[in-house]
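Biologist: Can you put the model up? I'd like to go through its charged pairs and then the overall layout.

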Amino acid sequence: MIVLHYIDKFDANTESESKFISVLCKGMPNNVESHVVTRDDNILRALYDIMPDIVHVHGCWSYRTASFLLSAHRRGFYTVFSPCGGLQPWIIKKNFWKSFLPRIIAYQYITVHRADTILVSSKIEKDNILRLHWNKRIRFIKNVLQTQDI
């Protein structure tokens with residue numbers, strides 16, 4: 001099995017996502033081949049060069065992330081979306097009218113709705129996404145990272 005992971009960018013703001021992807025790739029069984037691409041790569045070319053069985057997209061509120069997931073889905077790849085906590089109500093409520101509502105209308109709803117599976121790392125996150133009624137195909141995996149800031 002081949003899995004292609006997409007993360008918009010690696011930087012200080014997405015450090016937990018970067019660690020999560022690293023741990024996720026290392027924890028895969030030996031028969032799983034993992035690849036990681038970012039927005040700096042030619043992602044559509046990578047999609048066809050790698051020809052993954054699963055396209056796993058990490059992160060919310062980025063047009064590039066949404067666009068890549070929708071492109072992979074339209075091309076028939078199985079898509080998994082990990083919001084990495086970005087769909088929590090306290091995140092959405094910040095600057096809702098100016099920032100999040102336009103993004104929800106433009107791309108975030110359709111991204112979540114079209115994903116074949118939503119992968120979450122906490123029961124609270126799963127319950128909150130279920131309350132949105134955007135996608136019921138949600139799977140829970142235990143968060144393997146130590147969360148010191150809670």
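Modeller: One definition before we start: a residue is called exposed when its relative accessible area is over 50%, buried when under 20%, and partly exposed in between. Also, this is a predicted model.

Biologist: Fine. Where does K123 fall on that scale, buried or exposed?

Modeller: K123 has a relative accessible area of 53%, so it counts as exposed, the cut-off being over 50%.

Biologist: And which side chain does K123 meet in a salt bridge?

Modeller: That of D127, with an N to O distance of 3.0 Å. Both residues lie in helix 6, which covers residues 123-132, and they are four residues apart, about one turn of the helix.

Biologist: What about the accessibility of D127?

Modeller: D127 is partly exposed, because its relative accessible area of 25% lies between the two cut-offs.

Biologist: How many salt bridges are there in the whole structure?

Modeller: A search of the whole structure gives three. One of them joins the side chains of D8 and R39, at 3.7 Å from N to O. This pair links distant parts of the chain, 31 residues apart. D8 is in the loop between strand 1 (2-7) and helix 1 (15-26), while R39 is in the loop between strand 2 (33-37) and helix 2 (43-50).

Biologist: Why does D8 count as buried?

Modeller: Because its relative accessibility is 12%, and buried means under 20%. R39 is at 33%, so it counts as partly exposed.

Biologist: What does R45 pair with?

Modeller: The side chain of R45 meets that of D49 in a salt bridge, at 3.7 Å from N to O. The two are separated by about one helical turn, because they are four residues apart in helix 2. D49 and R45 are both exposed.

Biologist: Change of topic. What does the secondary structure come to?

Modeller: The protein chain has six helices and six strands. Along the sequence the pattern reads β-α-β-α-β-α-β-α-α-β-α-β.

Biologist: What share of the contacts comes from residues 24 or more positions apart?

Modeller: Such residues account for 66% of the contacts in the protein chain with a separation of 6 or more.

Biologist: And how much of the chain is buried, and how much area does it expose?

Modeller: Of the 150 residues in the protein chain, 44% are buried. The chain exposes about 8,900 Å², and carbon and sulfur atoms supply 53% of that area.

Terms used:
Residues numbered from 1 in each chain as written. Predicted model: local features only at pLDDT ≥ 70, side-chain atom pairs only at ≥ 80, totals over all residues. Heavy atoms only, no water. Salt bridge = Lys/Arg side-chain N within 4 Å of Asp/Glu carboxyl O. Buried < 20%, exposed > 50% of the residue type's maximum accessible area, 1.4 Å probe, protein only. Contact = heavy atoms within 4.5 Å. Areas by Shrake-Rupley, 256 points an atom, 1.4 Å probe, with all protein chains shown as cover.
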